[in-house]
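Biologist: Got a minute to walk me through this one? I'd like the basics, then the charged contacts.

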Amino acid sequence: MTEKDIPSEEFTLPPGVIKGLSELSRDQFLELMSSEHPAAKDFRRHHKLEFKYRIKSNHSLNEFYRDRFLKE
């Protein structure tokens with residue numbers, strides 16, 4: 001089975017699923033950041049790890065191009 005055989009409905013999220021923080025209201029965001037609910041704690045932990053990895057990847061990317069252009 002190839003991607004062309006899969007209907008587009010399988011690639012869309014069901015209604016009501018939050019796809020990003022920008023969809024939250026200010027009050028919802030504050031509740032997420034201050035909640036003691038296990039899922040909220042998991043979100044904050046995962047988001048913090050994601051941010052650390054993004055910073056590391058940006059450093060690696062810049063180092064790659066810095067080294068590449070300095071050698072040319």
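Modeller: Sure, we'll go from the overall picture to the salt bridges and then a surface patch. Keep in mind that this is a predicted model.

Biologist: OK, how many helices and strands does the protein chain have?

Modeller: The protein chain has 2 helices and 0 strands.

Biologist: And how much of the protein chain counts as buried?

Modeller: Just 3% of its 72 residues. The chain exposes about 7,000 Å², with carbon and sulfur atoms supplying 57% of that.

Biologist: Switching to charges: how many salt bridges are there?

Modeller: There are 3 salt bridges in the structure. One of them pairs R45 with D42, with the closest N and O atoms 3.5 Å apart.

Biologist: Where do R45 and D42 lie?

Modeller: Both are in helix α2, which covers residues 38–71, and they're 3 residues apart, about one turn of the helix. R45 is partly exposed at 45% relative accessibility, and so is D42 at 37%.

Biologist: What about R54 and E50?

Modeller: Their side chains meet in a salt bridge too, 3.5 Å from N to O. They sit 4 residues apart in helix α2, so about one helical turn separates them.

Biologist: Which residue does E36 pair with?

Modeller: E36 bridges to K41 at 3.2 Å, N to O. E36 is exposed, with a relative accessible area of 57%, whereas K41 is partly exposed at 39%.

Biologist: Last thing: which residues make the nonpolar surface patch?

Modeller: L21, F29, L30 and M33 make it, and the patch is about 290 Å². M33 belongs to helix α1, residues 26–34, and is partly exposed at 32%.

Notes
Residues are numbered from 1 along each chain as its sequence is written. This is a predicted model: local features need pLDDT of at least 70, side-chain atom pairs count only at pLDDT 80 or more; totals for chains, interfaces and linings use all residues. Side-chain values use heavy atoms; hydrogens and water are left out. Buried means under 20% relative accessible area, exposed over 50%, partly exposed in between (1.4 Å probe, protein chains only). Accessible areas come from the Shrake-Rupley method with a 1.4 Å probe; for residues, only the protein chains shown count as cover. Patches are made of residues with over 30% relative accessible area and no salt bridge: like charges are joined within 9 Å, nonpolar side chains (Val, Leu, Ile, Met, Phe, Trp, Tyr) within 5 Å. A salt bridge is a side-chain nitrogen of Lys or Arg within 4 Å of a carboxyl oxygen of Asp or Glu.
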